[in-house]
Amino acid sequence: MRRKRYERFRRAVIGVTLSALASGGLLAATTTPSTAATTTPTAATPTTTWTVSDPARSALTARLALDSAGGLRLAVARDGAPVLSPGRLGIRTDEHDLTTGLRLLGREDRTVHDTYRMTTGKRLRRSATMREATFTFGGADGARLGVVVRVSDDGVAYRYVLDERGPVTVTGEASTFEIPADAKAWVQPYATSYESERTETTAGAANEAEPRTCADDTCSFGYPTLFQVDGSYVLLTEADVDGRYSGSHLDHKDGSTAYSVALADDEPVTSSGPLATPWRTAIVGSLDTLVGSTLVDDLAPPSRVEDTSWIRPGMDDWSWLSDSSSPSDFDRQRDFVDYAAAHGLEYTLVDAGWNASWVPELVRYARARGVDVILWFDWADLKTQAQRDTWFSKIKAWGVVGVKVDYMYSDAQSTFQWYDAILRDTAARHLMIDFHGATIPRGLQRTWPQVMSVEGVRGEENGQNPTRDVFLAFTRNIVGSMDYTPTWFSRPNRQNSLAHELALPVVYESGWTSLGDNPEGFAAQPPAERYLEQLPTAWDETRFVSGGPGEQATGERQAVLARRDGDRWFVGGILAGTGGTMKAPLGFLGRGTWLVETIADQDGQLRRTVRTVTARDTLAVPAVANGGFAALACPATKGRTDCDRPVATAPATTLTTDPEAVTVEAGKKTSFGATFTLPEGSALRDVRMTVDRERLPAGWTATGADVRARSLPAGRELTGRWTVTVARNQPGGTVEVPVVVTYAHPAAGSAPPVHVEEVVRVSTPLHGTVYASDQPFLAESNGYGPVERDQSNGEAGGQDGEPLTIGGTVYAKGLGMNAPGQVRIDLQGRCSRFEAHVGVDDETEGRGSVTFTVLGDDDRQLAATDVLHGGDPAQPLTADVTGVHTLTLTAGDGGDGKNYDHADWGLARLTCAD
């Protein structure tokens with residue numbers, strides 16, 4: 001009977017492993033079953049041990065031991081030498097303690113072989129082979145525990161499997177890594193932002209690292225954490241974390257050699273069973289092994305995005321770092337678009353401060369120049385499904401291709417559930433994403449290939465530290481793309497050299513690399529501009545060249561990495577210290593003679609030199625204090641003097657519509673034409689002109705044929721004409737009808753077509769009763785968050801308010817502001833009366849004071865209130881708006897600051913001509 005129960009559980013655990021949790025990464029693409037026989041249940045001896053070796057049986061061995069008390073421990077050796085001493089294993093739920101009293105029920109082995117392709121990362125094509133052993137244990141109370149151990153040539157990982165039906169609540173893990181106290185350590189005191197500085201210390205003295213994040217004698221450290229144990233390096237982290245669990249970190253008690261896994265916020269996690277936990281992961285080996293390791297991705301679930309043709313890594317120029325107010329300046333953002341277009345950058349990133357009133361125009365301007373736009377969001381604007389549906393539909397219609405989402409700052413299970421949701425949504429809408437203010441990557445980019453980068457690092461926006469730069473090359477950037485935002489060459493009081501700064505986007509990998517300087521700063525560094533024009537952001541191969549996180553005999557630290565794209569190698573070297581000669585052995589180049597361009601510091605400027613080398617040579621580059629170098633190598637062919645590839649940019653074109661704007665009544669038709677020309681340059685290929693019918697409102701139709709040209713030479717016009725029918729129930733207002741021309745990008749290859757767009761503004765006369773909240777805003781501003789439609793202002797993200805309520809009366813329609821706030825609305829000169837019930841929303845509980853003002857054309861005051869306070873009843877506010885074209889509604893601070901100034905415009909409506 002006992003044997004039958006064991007067999008049922010064994011099959012269930014294997015079922016979890018091979019079926020139910022395939023999407024959790026436990027099942028690889030192909031597996032080779034073990035020829036070893038299944039182990040039958042046995043009683044524990046005083047100490048029973050089992051080993052799992054890497055598939056080549058060469059370097060790494062994991063040893064699982066069961067002691068006489070039924071407790072589990074796992075140790076790791078490399079080439080027979082201990083690396084991780086026996087550390088505790090086990091897990092506790094709200095019903096079972098599976099940390100002691102265990103006995104082995106069985107073991108099954110298999111070889112997991114997996115091949116897959118990435119869209120980003122240190123190596124696009126991946127192949128991994130791991131030896132896996134699944135151990136099944138019985139607990140003292142009859143509960144069952146599966147422990148799955150994997151060993152590969154670059155590390156060891158284990159996870160727990162709980163085969164319970166229904167909800168499973170994990171209250172904690174006994175998981176512990178044992179590190180010799182005298183082992184060198186590079187640690188980061190734990191913070192949910194992962195923006196603390198890293199410190200070199202020892203495993204035993206780590207709790208002295210600042211800033212201390214400690215409770216009594218126990219301090220917390222964030223992943224990935226690096227140790228050097230004799231001649232081996234160990235990088236501790238975790239893989240395959242999603243909303244079924246929480247993230248974790250490491251806790252270390254004063255004087256202890258143990259680093260224990262602690263769940264986020266020390267809170268339990270609840271998941272539907274059966275449950276496979278995240279992988280507790282140790283990357284083990286030389287620095288070359290660490291730099292080349294893909295173990296975290298190898299352990300992650302396979303891609304959930306079948307078609308990745310729309311996903312494109314690349315460079316973006318980003319204005320916020322050099323001028324944090326610039327994202328609110330439309331003209332300045334156009335400067336960055338122009339720079340990206342001129343230098344072949346794929347993207348412009350518009351950070352915090354952009355305004356919905358001008359972003360569509362900026363996107364059209366950028367796309368016509370071959371540049372796509374990425375928009376920054378506060379995660380508070382995207383927390384709910386309704387918020388994401390609203391914003392993602394809107395920005396996709398604008399033509400935005402990706403988002404940078406900020407301020408999550410949490411490893412809680414609920415936050416990982418939010419990650420799951422936004423990743424599903426962005427994948428469905430073909431939006432790429434960069435997580436800023438985020439946790440570290442844990443294999444996320446394999447599962448969701450639209451993830452271009454993740455911050456989870458103390459980057460350039462937090463100041464410069466050359467020593468930190470070296471540490472990061474061997475810690476954080478090992479486990480996934482790192483949004484560090486380098487290359488602010490013109491930074492005041494810069495702490496590193498120009499060449500150090502230029503090397504960073506080679507040393508660090510990021511699918512989207514956000515360049516930190518402004519157009520003027522880049523223009524002052526022509527060698528850097530030239531190098532960055534050539535630099536990819538996703539790689540065929542990555543190699544460790546020289547250096548390490550520790551101090552060299554001469555007192556400095558260095559990191560030199562090489563990354564390959566096709567037949568070209570990009571080499572980045574950074575130094576922290578007083579300076580010296582940086583040496584890069586070129587054995588990675590392979591056969592033949594190579595041309596190497598090197599950019600280094602000389603007399604305060606960047607200087608480029610060119611030489612020929614072979615793989616037997618060592619590149620020696622003199623470096624200034626906190627200096628570095630960037631190099632580019634390509635096969636040396638006859639007559640070749642550089643490694644440059646042409647920088648293909650989109651030519652200037654013109655697209656006009658006739659008319660540009662038209663007024664038509666609901667249910668009626670209107671016609672317009674469009675003309676597209678290329679003034680000069682090489683002929684365009686695969687040209688198509690059309691009306692984007694998918695972006696027309698419901699009930700609208702457009703007739704007229706698309707216009708195509710296989711080749712369009714300079715000077716020849718492409719013309720088209722269309723008829724649009726307005727929906728019969730169309731309310732008054734203006735709709736932008738997009739006319740789009742696409743043509744093959746001159747860069748060819750995988751570059752998407754260039755998109756040129758103009759809009760015909762079709763206005764339907766306002767008529768009858770019109771609510772302000774149903775009209776588009778010509779412009780808006782607000783004290784906190786956006787101006788809300790039909791709800792109060794929640795001060796953070798869009799749609800985070802409550803029903804508009806003043807003096808106990810709830811208003812189904814209206815506007816929610818936080819003073820000072822303002823909106824402008826086009827009235828077309830067709831309305832005669834504005835009316836609203838105004839006041840401070842009841843949610844402020846009697847706090848706050850606001851004034852309300854109605855303005856007409858040229859900001860002529862039409863009506864206003866005195867100061868209204870929280871707790872006052874709603875006041876009627878009416879204004880004669882006869883002949884007014886632009887109506888402005890303004891909420892002003894009542895004199896006590898903007899906090900709690902939740903200004904409601906209840907039932908704000910207009911009476912317009914029939």
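A charge counts as sitting over a ring if NZ of Lys or CZ of Arg is within 6 Å of the ring centre and within 35 degrees of the ring normal. In this predicted model, lysine 394 fits the bill: its charged end sits over the ring of tryptophan 391, 4.9 Å from the centre. Arginine 334 does something along those lines with tyrosine 365, lying over the ring face at 4.5 Å from the ring centre.

Now for the rings themselves. The structure holds 35 aromatic pairs. In one of them, tyrosine 158 and phenylalanine 177 have ring centres 6.5 Å apart and planes at 50 degrees, so this pair is tilted. The pair ties together distant parts of the chain, 19 residues apart, with tyrosine 158 in strand E11 (residues 155–162) and phenylalanine 177 in strand E13 (residues 176–178). Both tyrosine 158 and phenylalanine 177 are buried. Elsewhere, Trp379, Phe416, Trp418, Tyr419 and Phe435 gather into one aromatic cluster.

On to the strands. An open sheet of 4 strands runs in the order E7-E6-E12-E22, with antiparallel pairing. Strands E7 (97–98) and E22 (269–272) each have a single partner strand, so they stand at the edges with one side left without a neighbour in the sheet. Further in, 3 bridges join E6 (residues 91–93) to E12 (residues 167–173), and arginine 92 stands opposite glycine 172 in E12.

Strand E43 (residues 684–691) pairs in the antiparallel sense with E45 (residues 707–712) over 5 bridges; here valine 687 has alanine 709 of E45 as its bridge partner. E43 is also joined to the antiparallel strand E47 (residues 733–743), by 4 bridges, and valine 691 is matched with valine 739 in E47.

Key:
Residues are numbered from 1 along each chain as its sequence is written. This is a predicted model: local features need pLDDT of at least 70, side-chain atom pairs count only at pLDDT 80 or more; totals for chains, interfaces and linings use all residues. Side-chain values use heavy atoms; hydrogens and water are left out. Two strands pair if DSSP finds at least two bridges between them. Helices (H or I, at least four residues) and strands (E, at least two) are DSSP runs, numbered from the N terminus. Rings of Phe, Tyr and Trp (its six-membered ring) pair if their centres lie within 6.5 Å; planes under 30 degrees apart count as stacked, over 60 as edge-to-face and the rest as tilted. Buried means under 20% relative accessible area, exposed over 50%, partly exposed in between (1.4 Å probe, protein chains only).
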